[in-house]
Amino acid sequence: MTRVLWLQAAGCGGCTMSLLCAEGPGAVELLADAGIELIWHPALSLATGAEVLPLLQAVAEGRERVDILCVEGAIARGPNGTGRFQMLSGTGRPLMSWVQDIAPVARHVVAVGTCAAYGGVTAAGGNPSDAVGLQYEGAHPGGLFAADWRAAGGMPVINVAGCPTHPGWVTETLLMLAGGAMTERDLDGFRRPRFYADHLVHHGCPKNEFYEYKASAQRLSDLGCMMENLGCVGTQAVGDCNIRPWNGEGSCTRAGFPCINCTAPEFEEPRHPFTETPKVAGIPIGLPTDMPKAWFMALASLSKAATPERIGINAASDRIRVPPTLRKPK
């Protein structure tokens with residue numbers, strides 16, 4: 001039996017809400033069938049307050065085994081490094097202090113969501129709560145724990161980033177850890193699991209035909225590619241959101257909203273509106289991953305020149321105006 005303890009730090013709780021949307025099977029059934037026991041979760045467990053305190057103390061002191069510590073939400077270190085902006089209710093201690101005590105005795109530590117991984121939305125703006133991720137501060141290694149910190153099992157913090165994170169990313173990570181099937185080699189440069197971080201949001205996007213011809217949407221309701229005008233960075237953002245859709249069928253781009261790269265550190269402050277594409281001399285600043293600027297300009301020019309009338313019309317429409325041409329079999 002793999003024992004999981006889940007703590008919620010400074011965040012909205014959206015990653016737990018996302019996890020509960022897992023389907024076929026649901027997250028609770030899936031974990032139970034895999035022999036993963038959720039020994040406590042502040043929002044899902046029956047025990048609260050004084051009932052939980054002995055368990056947390058026993059875990060921190062090594063008298064109760066915890067195989068995986070999951071932390072959701074950023075760590076609020078303020079004011080002045082005390083962590084007292086977020087107290088764990090009923091314990092008289094900051095949540096930060098509990099994480100510092102429990103993480104070293106856990107075999108693995110998982111940051112659930114971008115806030116826990118890198119600070120995320122909680123750290124945006126002036127960051128008055130001095131919020132950080134477990135082992136990153138934005139894109140910089142070293143958050144609550146130093147860059148070289150390791151859990152008892154020898155792994156760094158595993159960053160299941162996303163805002164909120166996909167339920168499948170959480171359950172698959174837990175299943176791999178429980179089965180001993182994840183090592184540090186299975187994490188990318190920002191320590192996200194590679195099973196989803198080796199993909200781009202662009203992969204499987206329903207707007208790919210429009211992207212191929214650089215047939216661009218002008219408004220959020222349009223069918224066309226949102227990269228040129230509406231801020232979409234799906235060609236740069238990691239995630240298999242369009243390969244394994246949310247709730248069986250959804251994703252941001254499938255719903256007509258641009259990808260904002262929520263799996264990445266510092267996505268929360270792009271320094272421009274999320275739904276606008278910053279440009280220099282009419283060329284988007286953020287080019288597709290691995291594509292040189294000169295090649296993109298050449299490809300874009302050729303693609304626009306070759307855009308079929310059907311695709312050009314439909315791209316700037318909120319529905320299909322021109323259907324594909326019917327061809328008789330030869």
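Student: How many aromatic pairs are there, and what makes two rings a pair?
Tutor: The count comes to seven aromatic pairs. Rings of Phe, Tyr and Trp (its six-membered ring) pair if their centres lie within 6.5 Å; planes under 30 degrees apart are stacked, over 60 edge-to-face, and the rest tilted. This is a predicted model, in which local features need pLDDT of at least 70, side-chain atom pairs count only at pLDDT 80 or more, and totals for chains, interfaces and linings use all residues. Residues are numbered from 1 along each chain as its sequence is written, and side-chain values use heavy atoms, leaving out hydrogens and water.

Student: Why is the pair of Tyr-136 and Phe-190 called edge-to-face?
Tutor: Their centres are 6.0 Å apart, within 6.5 Å, and their planes stand at 65°, over 60, so the pair is edge-to-face.

Student: Is Tyr-136 buried or exposed, and what about Phe-190?
Tutor: Buried means under 20% relative accessible area, exposed over 50%, and partly exposed in between (1.4 Å probe, protein chains only). Tyr-136 has 4%, so Tyr-136 is buried. Phe-190 has 28% and is therefore partly exposed.

Student: What makes Phe-195 and Tyr-196 edge-to-face?
Tutor: The ring centres lie 5.7 Å apart with planes at 70°, so this pair is edge-to-face. Both residues are buried. Ring pairs also link them with Trp-169 and Trp-246 into a cluster.

Student: How do you know that Arg-93 sits over a ring?
Tutor: The rule asks for NZ of Lys or CZ of Arg within 6 Å of the ring centre and within 35 degrees of the ring normal. Arg-93 lies over the face of Trp-98, at 4.1 Å from the ring centre. Lys-214 lies over the face of Tyr-211, at 3.9 Å.
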